[in-house]
Amino acid sequence: MADRLAGKVAIVTGSTSGIGAEIARVFAAEGAKVVVTGRRQDRGDDLVAEVEAVGGDASFCRAE
């Protein structure tokens, strides 16, 4: 994990799939704490688990 975004918080809207999910993964890999948002609770929870499994820090906020 790199540290270019260490100490930063990234809120990535629409990040439960597609390019938003990939952005969330990259930001987390660069050291940011990531807030994942989207409509699908299951996808948000899956992405948070994926980020945390590789040592990242993420949380999910459901948005409609």
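# Notebook: a β-α-β-α-β chain

I began with Ile23, which counts as partly exposed at 34% relative accessibility. I note at the outset that I am working from a predicted model, and that every value I write down here is computed from it.

**Entry 1: Ile23 and its surroundings.** I looked up where Ile23 sits and found it in helix α1. I then asked which residues make a nonpolar surface patch of about 350 Å². The patch is made by Ile19, Ile23, Val26 and Phe27, so the partly exposed Ile23 that I opened with belongs to it. The patch rule asks for over 30% relative accessible area, and Ile23, at 34%, passes that cut-off while still falling short of the 50% above which a residue would be called exposed.

**Entry 2: the chain as a whole.** Before going further I stepped back to the overall layout, and I counted two helices and three strands in the chain. Read from the N terminus on, these elements run β-α-β-α-β. For the dimensions, I noted that the C-alpha atoms fill a box of roughly 30 × 20 × 15 Å along the principal axes. I also checked the radius of gyration, and the chain has 10 Å, which agrees with the value near 11 Å that a compact globule of 64 residues would have.

I took down the surface figures as well: the accessible surface of the chain comes to about 4,000 Å², and 53% of this belongs to carbon and sulfur atoms. Of the 64 residues, 34% count as buried. Turning to contacts with a separation of 6 or more, I found that 51% of them are accounted for by residues 24 or more positions apart.

**Entry 3: the nonpolar core.** Which residues have the most contacts inside the largest nonpolar core? The core has 13 residues, and the ones I was looking for are Ala24, Val34, Val36 and Leu47. The elements that each give two or more residues to this core are β1 (9-12), α1 (18-29), β2 (33-38), α2 (41-53) and β3 (57-62).

I followed Ala24 in particular, leaving aside its neighbours within four places in sequence, and found it in contact with Val12, Ser15, Val34, Val36 and Leu47. Three of the names in that list, Val34, Val36 and Leu47, I had already written down among the residues with the most contacts inside the core.

**Entry 4: Gly44.** Is Gly44 buried or exposed? Gly44 is buried, because its relative accessible area is 0% and the cut-off for buried is under 20%. Its place is in helix α2. Setting aside neighbours within four places in sequence, I found Gly44 in contact with Thr16, Val36 and Phe60, and I recognised Val36 from the core entry. I also looked up the pair Gly44 and Ser17, which are 27 residues apart in sequence and 8.6 Å apart in space, C-alpha to C-alpha.

**Entry 5: salt bridges.** The count of salt bridges comes to five, and I followed some of them residue by residue, starting with Arg25. Arg25 forms a salt bridge with Glu22, with the closest N and O atoms 3.2 Å apart. Both residues lie in helix α1, three residues apart, which is about one turn of the helix. Arg25 is partly exposed, with a relative accessible area of 29%, and Glu22 also counts as partly exposed, at 40%.

The side chain of Arg25 also meets that of Glu50 in a salt bridge, at 2.5 Å from N to O. Glu50 lies in helix α2 and Arg25 in helix α1, so this pair ties together parts that are 25 residues apart in sequence. I noted that Glu50 is partly exposed, with a relative accessible area of 37%.

A further salt bridge is the one in which the side chains of Asp42 and Arg40 meet, at 2.9 Å from N to O. Asp42 is partly exposed at 40%, and Arg40 counts as partly exposed at 37%. Through shared partners, salt bridges join Glu22, Arg25 and Glu50 into one network.

**Entry 6: Glu52.** My last look was at Glu52, which is found in helix α2 and counts as partly exposed, at 43% relative accessibility. Glu52 and Ala28 are 24 residues apart in sequence, and in space they are 9.0 Å apart, C-alpha to C-alpha.

How values were computed. Residues are numbered from 1 along each chain as its sequence is written. This is a predicted model: local features need pLDDT of at least 70, side-chain atom pairs count only at pLDDT 80 or more; totals for chains, interfaces and linings use all residues. Side-chain values use heavy atoms; hydrogens and water are left out. A nonpolar core is a set of buried Ala, Val, Leu, Ile, Met, Phe, Trp, Tyr and Cys residues joined through side-chain atoms within 4.5 Å. Buried means under 20% relative accessible area, exposed over 50%, partly exposed in between (1.4 Å probe, protein chains only). Helices (H or I, at least four residues) and strands (E, at least two) are DSSP runs, numbered from the N terminus. Contact means heavy atoms within 4.5 Å. Patches are made of residues with over 30% relative accessible area and no salt bridge: like charges are joined within 9 Å, nonpolar side chains (Val, Leu, Ile, Met, Phe, Trp, Tyr) within 5 Å. Accessible areas come from the Shrake-Rupley method with a 1.4 Å probe; for residues, only the protein chains shown count as cover. A salt bridge is a side-chain nitrogen of Lys or Arg within 4 Å of a carboxyl oxygen of Asp or Glu. The radius of gyration is taken over C-alpha atoms; the globule rule is 2.2 Å times the number of residues to the power 0.38.
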